[in-house]
Amino acid sequence: MSEELNKEISRRRTFAIISHPDAGKTTLTEKLLLFGGAIHVAGAVKSNKIKKTATSDWMEIEKQRGISVATSVMGFNYGDYKINILDTPGHQDFAEDTFRTLTAVDSVIIVVDAAKGVETQTRRLMEVCRMRNTPVIIFVNKLDREGRDPFDILDELEQELKIAVRPLSWPINMGARFKGVYNIYEQGLDLFTPSKQTVSERVEIPDVNSPQLDEAVGKADADKLREDLELVEGVYPEFDVEAYREGRVAPVFFGSALNTFGVKELLDCFVRIAPEPQPVQAEEREIDPHEEAFTGFVFKIHANMDPNHRSCIAFVKVCSGKFERNVNYRHIRLNKQLRFAAPTAFMAQKKSVVDEAFPGDIIGIPDTGNFKIGDTLTSGEEIHFKGLPSFSPEMFKYIENADPMKAKQLEKGIQQLMDEGVAQLFTNQFNGRKIIGTVGQLQFEVIQYRLLHEYGAQCRWQPLSMYKACWIDSDDPKALEAFKKRKHQFMAVDRQGRDVFMADSGYVLQMAQSDFPDIRFHFTSEF
Ligand code: G4P
């Protein structure tokens with residue numbers, strides 16, 4: 001095991017910030033970059049958030065997403081640490097992108113709006129974290145506004161996100177009366193001064209019972225804080241780093257990203273407790289990041305919407321060993337040796353060619369069709385990393401060829417867009433028709449546009465009222481056959497040829513579940 005590799009691994013922290021739109025993800029990301037010296041003024045981060053006015057104009061969205069390629073991964077140094085933040089699209093129609101990004105991180109910070117609490121998108125993303133036992137830290141944001149009682153927020157986090165929580169800081173009032181937070185983790189008082197640029201000052205107090213606390217925040221608030229902290233200590237077990245790293249408990253911080261308040265405390269605690277790059281499970285075996293041989297996988301492909309530059313960028317997460325420029329690596333699916341002359345790293349908001357990368361790092365590889373999502377690269381060993389399972393789409397449509405002369409182009413276009421993970425394709429076994437499933441309406445528009453502009457193919461959508469796609473299996477082959485026969489009109493296969501039951505309503509699904517107890521219904525493709 002090389003010294004260099006060890007050192008590089010132990011200083012890396014690769015994570016994603018996730019939230020419901022508007023909770024403050026962009027603002028928090030920006031403040032973290034400020035601390036890392038990656039940017040120098042607030043407002044420098046181009047929001048990956050889709051502007052509200054443009055929700056129906058997806059070309060505009062793609063343009064904004066194009067801008068965001070550079071900010072897809074933000075690497076910066078903070079003290080001895082090398083931090084990689086993986087950005088995720090704010091628009092919920094691109095939730096699949098976010099799910100996939102979560103396969104490439106070792107931990108997650110969830111931002112929650114103190115007034116709104118847990119919102120839908122956060123709940124769904126948390127489900128993905130839970131599937132993988134990803135460690136999460138929660139940042140309760142916007143304390144400068146009137147929000148809910150912190151104990152209520154904690155209860156809601158626990159119930160809605162289905163994870164035990166443990167506050168590591170505690171707010172003193174909220175909104176106009178917000179005075180600051182007591183840092184339970186480091187035992188210090190951080191007083192709040194509203195400001196969008198500067199960093200809060202720490203007041204050292206020997207312990208919460210000291211009169212200095214009364215001086216700093218006034219007697220009434222000091223007493224309330226003491227009372228709250230006593231309750232916190234009584235209700236929540238002591239913070240256990242191992243439980244956090246195993247995804248069993250989520251530490252909670254309170255602050256205000258806009259005011260840069262509580263952000264440094266979050267970051268300082270984060271680098272100390274968040275896990276370094278972790279082993280990754282492949283089909284064959286578990287890969288330890290410290291192994292000398294390089295391995296990595298593609299978790300995202302970003303197509304270039306500019307018709308003059310047709311190439312894509314494949315985002316590769318380094319899982320083990322050292323990646324080097326111009327060295328031959330094996331592309332497992334194609335069984336082909338490839339070497340990369342211009343791999344890029346993402347540091348301080350800039351994309352630049354790199355000579356080497358270490359586990360936890362993300363490299364961008366310019367690509368013209370070699371890569372699919374989930375592809376594995378290695379120094380030679382036959383390894384297949386397990387991707388993230390597909391989730392049942394939310395919307396379904398039949399896709400039809402609108403230009404009979406271009407059937408081949410359409411077929412190729414559909415296959416390639418599916419490889420990129422734009423949507424999911426199912427083929428109905430009864431009538432042979434192709435069904436595209438997406439998370440949101442926008443993806444249908446994206447597909448149609450790209451088929452035309454990149455493949456010269458025209459498609460038409462036919463409505464299909466569908467509730468969910470469920471992957472099915474059974475220990476009893478006869479029962480499975482009987483089910484498929486009974487439901488033959490609603491049976492489809494996914495691209496891997498697995499059986500999928502297309503339930504057209506929740507009721508139908510429930511009936512099927514009770515009528516066929518030997519059949520297992522899965523809402524993700526991995527079971
Ligand atoms: P997102 O990426 O999660 O979608 O959220 P974003 O950071 O864009 O923040 C959403 C809105 O919330 C922004 O206001 C932002 O300024 C505000 N915000 C973020 N953190 C705080 C906070 O700690 N306190 C308060 N009061 N507001 C906060 P906006 O008006 O939508 O955008 P902008 O015009 O200010 O950029």
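R166 and E233 form a salt bridge through their side chains, with N and O 2.9 Å apart. The pair ties together parts that are 67 residues apart in sequence, because R166 sits in strand β6 (residues 164–167) and E233 in helix α8 (residues 219–235). How buried or exposed are the two partners? R166 counts as buried, at 4% relative accessibility, while E233 is partly exposed, with a relative accessible area of 43%. Keep in mind as you look around that this is a predicted model.

Helix α8 has another bridge to show you. K224 pairs up with D228 there, and the closest N and O atoms are 3.0 Å apart. What separates K224 and D228 along the helix? The two are four residues apart in helix α8, so about one helical turn lies between them. K224 is partly exposed, with a relative accessible area of 39%, and D228 is buried, at 9%. Elsewhere, E8, R11, R12, K82 and D361 are joined into one network by salt bridges that share partners. One link you can look up is the salt bridge between the side chains of R12 and E8, at 2.6 Å from N to O. Both R12 and E8 are buried. A search of the whole structure turns up 40 salt bridges.

Now for the ligand. Which residues are closest to it? Among the 18 residues that surround the ligand, D22, T26, T27, D144 and S256 are the closest. Helix α2 (residues 25–35) supplies the largest share of this shell, three residues. Here are some polar atoms of the protein and how far each lies from an oxygen atom of the ligand.

| Residue | Polar atom in | Distance to a ligand oxygen |
|---|---|---|
| S19 | side chain | 3.3 Å |
| K25 | backbone | 2.7 Å |
| N141 | side chain | 3.1 Å |

So much for single atoms; what about area? The ligand taken alone exposes 700 Å², and the protein buries 70% of that.

Next, the nonpolar insides. The largest nonpolar core has 65 residues, and L102, I110, I138, V140, L157 and W170 touch the most other members. Which element gives the most to this core? Helix α6 (residues 150–161) does, with five residues. L157 is a good place to zoom in: leaving aside residues up to four places away in sequence, L157 touches V112, V118, I138, V140, K162, I163, V165 and V252. I138 and V140 appear in that list, and they are also among the core members that touch the most others. Apart from this core lies another one, of 31 residues, including L33, Y78, V263 and A274.

Finally, step back and take in the whole protein. How many helices and strands does it have? There are 14 helices and 31 strands. Of the 527 residues, 56% are buried. Contacts that reach across the sequence are a big part of the picture: take the contacts with a separation of 6 or more, and 72% of them are between residues 24 or more positions apart. On the outside, the accessible surface comes to about 22,700 Å², and carbon and sulfur atoms account for 49% of that area.

Methods. Residues are numbered from 1 along each chain as its sequence is written. This is a predicted model: local features need pLDDT of at least 70, side-chain atom pairs count only at pLDDT 80 or more; totals for chains, interfaces and linings use all residues. Side-chain values use heavy atoms; hydrogens and water are left out. A salt bridge is a side-chain nitrogen of Lys or Arg within 4 Å of a carboxyl oxygen of Asp or Glu. Buried means under 20% relative accessible area, exposed over 50%, partly exposed in between (1.4 Å probe, protein chains only). Contact means heavy atoms within 4.5 Å. Accessible areas come from the Shrake-Rupley method with a 1.4 Å probe; for residues, only the protein chains shown count as cover. A nonpolar core is a set of buried Ala, Val, Leu, Ile, Met, Phe, Trp, Tyr and Cys residues joined through side-chain atoms within 4.5 Å. A residue is near a molecule or strand if one of its heavy atoms lies within 4 Å of it. A polar contact is a pair of N or O atoms within 3.5 Å; within protein, one must be able to donate a hydrogen and the other to accept it, and residues adjacent in sequence count only if both atoms are side-chain atoms.
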